[in-house]
Amino acid sequence: MASRLCLFSLLIASCSLAMASDPSPLQDFCVAAPNPRVFVNGEFCKDPKLVQADDFFFRGLHLMGDTSNAVGSNVTVVTVAELPGLNTFGISMARIDFAPWGINPPHTHPRATEILTVLEGNIEVGFVTSNPENRLITKGLQKGDVFVFPQGLIHFQRNVGNGYAVAIAALSSQNPGAITIANAVFGSNPDIARDILAKAFQVDKNVVYQIQSKF
Ligand SMILES: *[C@@H]1O[C@H](CO)[C@@H](O)[C@H](O)[C@H]1NC(C)=O
């Protein structure tokens, strides 16, 4: 009984480790230092003595992204790649610009929960819960509203207005990653076999071909 209890506590302990997001820093900071030959889970630390204020700094989130593309949106990210001081901190930021009626298409962040606030415009947002419910949870947001997208779930945004809209998002990873569903499924390199997608989406192979040709 005692050993079972011990095993159980061990399981609980390892679970809480497995559920953590990015690893916690074990020092004040670990500013990312580039190393082209070796890979670690995260980035190497720059010598703390050589660290400068600029390592913790990014300028440019006041600039509007170019939204003249097929979806009418543009995401400017500030992850560890743009701001080396974010290394090991489990946090990052993004600016999302929307053309009138533009969308940020369905996508997921494999490593992060996202919290978003609307700075300008009206934005319809939504996410879909996992199997088997696949429930759509959606909301119309206005300036100043805040909405959270749970880690890993497919979500989207749409500017429901004739003017430009802009939102700022914070994400719970230094490197949240983004998987845009259409691009991943229909624009993979090389292509996923057409008959697999035809069966998965229950459509004719020509429909798959038509969608693949756009990505
Ligand atoms: C987003 O905007 C930047 C800055 O204007 C531009 O360089 C980039 O090509 C745009 N990305 C897309 C997907 O339109």
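## Reading a predicted model, one feature at a time

Q: How many nonpolar, polar and charged residues are in the shell around the ligand?
A: This is a predicted model, and its ligand shell has no nonpolar residues, 3 polar and 1 charged. Those around the ligand are G65, D66, N69 and N74.

Q: Let's turn to annotations. Which residues does UniProt list for "binding site"?
A: An unreviewed UniProt entry lists H107, H109, E114 and H155 under that name. The four span 49 residues in sequence, but no two of their C-alpha atoms are more than 11.8 Å apart, so they gather at one spot. Another "binding site" annotation, also from an unreviewed entry, covers N104, H109 and E114.

Q: How do I read burial here? Is H109 buried or exposed?
A: Count the other C-beta atoms within 10 Å: 20 or more makes a residue buried. H109 has 24, so H109 is buried. You'll find H109 in the loop between β5 and β6.

Q: And E114, buried or exposed?
A: E114 is buried too, because 23 other C-beta atoms lie within 10 Å. E114 sits in strand β6, residues 114-120.

Q: What about H107: where is it placed?
A: Look in strand β5, which runs over residues 103-108. With 19 other C-beta atoms within 10 Å, H107 counts as partly exposed.

Q: Which residues do these three touch, if I skip neighbours up to four places away in sequence?
A: H107 is in contact with H155, A178, I179, T180 and I181. E114 touches H109, V148, F149, A169 and L171. For H109, the contacts are E114, Q151, L171, P176, G177 and A178. Notice that two pairs of annotated residues turn up here: H107 with H155, and H109 with E114.

Q: Now the sheet. What is the strand order?
A: The general idea comes first: strands of a sheet pair through backbone hydrogen bonds, either parallel or antiparallel. In this model, an open sheet of 5 strands has the order β3-β4-β11-β6-β9, with antiparallel pairing. At its edges stand β3 (73-78) and β9 (146-149); each has a single partner strand, so one side of each is left without a neighbour in the sheet. On average, neighbouring strands of this sheet are turned by 20° against each other, direction ignored.

Q: Over how many bridges do β6 and β11 pair?
A: Strand β6 pairs with β11 (residues 165-171) over 6 bridges, in the antiparallel sense. To see a spot where they face each other, find T117, which stands opposite I168 in β11.

Conventions:
Residues are numbered from 1 along each chain as its sequence is written. This is a predicted model: local features need pLDDT of at least 70, side-chain atom pairs count only at pLDDT 80 or more; totals for chains, interfaces and linings use all residues. A residue is near a molecule or strand if its C-beta atom, placed from the backbone, lies within 6 Å of it. Ala, Val, Leu, Ile, Met, Phe, Trp, Tyr, Cys and Pro count as nonpolar, Asp, Glu, Lys and Arg as charged, and the others, Gly among them, as polar. UniProt positions are given in the numbering used here, feature names are shortened, and annotations may be inferred rather than shown by experiment. Helices (H or I, at least four residues) and strands (E, at least two) are DSSP runs, numbered from the N terminus. A residue is buried if 20 or more other C-beta atoms lie within 10 Å of its own, exposed if 12 or fewer, and partly exposed in between; C-beta atoms are placed from the backbone. Two residues are in contact if their C-beta atoms, placed from the backbone, lie within 7 Å. Two strands pair if DSSP finds at least two bridges between them. Axes are lines fitted to C-alpha atoms, for helices over the stretch in contact, and angles run from 0 to 180 degrees between N-to-C directions.
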